[in-house]
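Got the viewer open? Let's go for a walk, one selection at a time.

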Amino acid sequence: MASDAPLYIGFDLSTQQLKGLVVNSDLKVVHVAKFDFDADSHGFPIKKGVLNNEAEHEVFAPVALWLQALDGVLESLRKQGLDFSRVKGISGAGQQHGSVYWGQNAESLLHNLDSTKPLEAQLEGAFSHPYSPNWQDSSTQKECDEFDAALGKPEDLAQATGSKAHHRFTGPQILRFTRKYPEIYKKTSRISLVSSFLASLFLGHVAPFDISDVCGMNLWNIKKGAYDERLIQLCSGGLGVEDLKQKLGEVPEDGGLHLGSVHSYFVERFGFSPGCTVIPATGDNPATILALPLLPSDAMVSLGTSTTFLMSTPNYKPDPATHFFNHPTTPGLYMFMLCYKNGGLAREHVRDAINESLKDTPAHPWANFDKIALQTAPLGQQNPMSPMKMGLFFPRHEIVPNISKGQWRFTYDVNTGSLQETADGWNSPQDEARAIVESQLLSLRLRSRDLTQSPGNGLPSQPRRVYLVGGGSKNKAIAKIAGEVLGGVEGVYSLDVGDNACALGAAYKAVWGIERQPGQTFEDLIGQRWNEAEFIEKIADGYQKGVFEQYGQAVEGFEKMELQVLQQEADKAKGH
Ligand SMILES: Nc1ncnc2c1ncn2[C@@H]1O[C@H](COP(=O)(O)OP(=O)(O)O)[C@@H](O)[C@H]1O
Ligand SMILES: O=C(CO)[C@@H](O)[C@H](O)COP(=O)(O)O
């Protein structure tokens, strides 16, 4: 490839780090840089990228941290020798739902960036509020109840916006903000999502929301393609409907839109070409499905801080337990998503408990966890007559099911259908290595079973392929169990970029935005350039007759277990 051939950057501003990944027009990765918030930042008392106010169930991140991270990633790419003048397009991905509150002087500070100074030094004053509510926040139960009731029932909100109300969704978060900080809200000039915040930095003015990421707000009526007036009215908290609309701004439909050229700050400081174009940044989950030409029969499981299950589908079938978003690039397609707060960090708790109980912290911290998970029989069953062990492991308040933090252990007798809450027969924490992975995967299987179809030949409904991405996708033990629980006629795959799928999807979005022919879809352009043999690897078997059916029976017990815990929690709340 010529030494002046075009390059494209995708950024991933997630919970625990910012990544920047550079690809060429052939979709090959040429640079990756990472800024780990806990390890690489200075001046912020964060843990796992966030701050907590336990008393109010708040979780939030300092916005200035992200500025420091962007300075760091760009410097790191420069050190790697990236020729910024070859970069033709920039796009990005942001952790979903988080909101950034810009102050009155934001546009002028963004416009007048001084290329001799880092971003953090000159934009700290651009925000009316220094923190962005994080997706792990659960402070908005009251506001969620109001959103769920605003159109009738939670089902009606899901039908309109793709999701029932969720603590982390931006609409309920903004409503709480109007109540907790009315004066700051009034002084806020614009509200960005984390994705549009990222695009704003490169553009040098506040960027519009992305057509997919806007669906994570409980404000956007997906079928109408417009904000829902009743929800905007509620969200404004009585502080002005038109004012809120102005703070939110327009939402362009085209995910490949040319938002404008990169700001001169980046041209002067890093040597970007003045013609380098900014393409809308989207949510981290929508970006993840752009990391490969995903077929509607495929499933992706993102094992990041959160666990998410993603499918691309032409069928809009909202349900209060799931999420639908506009597809980030392709009108007429939707993205189906399940999201769990208790993903990577919950598995880490079990991993650490096992290492502690063995008084052994191996060089590879997952070694004991993996070994024990693989040595344990599916569902801890010694033989088909013995009861299945299953549990819920929630160090944080979970999203689906909506259950507060806690840990529950059960046994389930398939032959009698009897379910018992008991730790008898459990060897903790050892048994929990397999049980936590199974628990997370059984929840995915339970909630996605209506979207999968039989691949033919009399086989049961299941995905064609399961693609694992995110930090946990490196883990072969988890991959093996994923194939056993979820199936996948062609197997379980990982991308050769490992945990960088989200940044890769953002970079591909930039390639498509710049190089597409008129009317050419993302799937068509990426499909033509995609080199399957080079880009993905089969890491585990998928469907295995016998064990898949065994987990099918476990799903029944798992559903019962969730309902029982939900009921117990509801009774506890009523003081029974
Ligand atoms: N070998 C591994 N096995 C299991 N989980 C892992 C492994 N390596 C990393 N992880 C998990 O990956 C998570 C981070 O995933 P990543 O996708 O990089 O983060 P983010 O959610 O910030 O995008 C961590 O919480 C960690 O538990
Ligand atoms: O809340 C959601 C999706 O609804 C999360 O998936 C966030 O988007 C953060 O993701 P990661 O940091 O785990 O990638």
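## Stop one: Q430 and its helix

Start by selecting Q430, a buried residue with 21 other C-beta atoms within 10 Å. Keep in mind throughout that this is a predicted model. Q430 belongs to helix α16, which covers residues 430-448. Leave out the neighbours within four places in sequence, and Q430 is in contact with I354 and I372. Now add R347: that residue is 83 places away from Q430 along the chain, and 12 Å separate the two C-alpha atoms.

Next, show helix α15, residues 367-375, together with α16. At what angle do these two helices pack? It is about 80°, and the axes are 8 Å apart, so α15 and α16 are roughly perpendicular to each other. To see who makes the contact, pick F369, I372 and A373 on the α15 side and Q430, A433, R434 and V437 on the α16 side. Colour that set by class and you get five nonpolar residues, one polar and one charged.

## Stop two: the three-stranded sheet

Move on to the open sheet with the order β19-β20-β21, where the pairing is antiparallel. β19 and β21 (418-421) are the edge strands with a single partner strand each, so each has one side without a neighbour in the sheet. On average, neighbouring strands here are turned by 25° against each other, direction ignored. Bring in helix α21, residues 547-573: this helix packs on the sheet and touches β19, β20 and β21, with its direction at about 45° to that of β19.

Now zoom in on β19, residues 388-394. Is this strand buried or exposed? Seven of its seven residues are buried, so β19 is largely enclosed by the rest of the structure. In general, side chains in a regular strand alternate between the two faces of the sheet. Here, M388, M390, L392 and F394 point one way, K389, G391 and F393 point the other way, and all are buried.

Then add β20, residues 406-413, which runs antiparallel to β19 and is joined to it by seven bridges. Two pairs to click on: M390 has F410 as its bridge partner, and F393 has Q407.

## Stop three: the seven-stranded sheet

Select the strands in the order β17-β18-β16-β15-β22-β23-β24 and you have an open sheet with mixed pairing. β17 (323-326) and β24 (536-540) stand at the edges with one partner strand each, so one side of each has no neighbour in the sheet. The average turn between neighbouring strands is 30°, again ignoring direction.

At the β24 end, strand β23 (residues 491-495) pairs with β24 in the antiparallel sense over four bridges. S494 makes a handy landmark, with E537 as its bridge partner in β24. Helix α17, residues 476-486, packs on this sheet, touching β15 (299-303), β22 (465-469), β23 and β24, and its direction makes about 75° with that of β24.

## Last stop: the two ligands

Pick ligand 1. Which of the 17 residues around it come nearest? They are S14, G304, G344, G471 and N475. Helix α14 (residues 344-357) gives the largest share of this shell, four residues. By class, the shell holds two nonpolar, 11 polar and four charged residues.

Finish with ligand 2, which has 16 residues around it; T15, Q96, W135, G304 and S306 come nearest. Its shell divides into two nonpolar, 12 polar and two charged residues.

Methods: Residues are numbered from 1 along each chain as its sequence is written. Chains are lettered from A and ligands numbered from 1 in the order in which they are written. This is a predicted model: local features need pLDDT of at least 70, side-chain atom pairs count only at pLDDT 80 or more; totals for chains, interfaces and linings use all residues. A residue is buried if 20 or more other C-beta atoms lie within 10 Å of its own, exposed if 12 or fewer, and partly exposed in between; C-beta atoms are placed from the backbone. Two strands pair if DSSP finds at least two bridges between them. Axes are lines fitted to C-alpha atoms, for helices over the stretch in contact, and angles run from 0 to 180 degrees between N-to-C directions. Angles under 35 degrees count as roughly parallel, over 145 as roughly antiparallel, 65 to 115 as roughly perpendicular and the rest as oblique. Two residues are in contact if their C-beta atoms, placed from the backbone, lie within 7 Å. Ala, Val, Leu, Ile, Met, Phe, Trp, Tyr, Cys and Pro count as nonpolar, Asp, Glu, Lys and Arg as charged, and the others, Gly among them, as polar. A residue is near a molecule or strand if its C-beta atom, placed from the backbone, lies within 6 Å of it.
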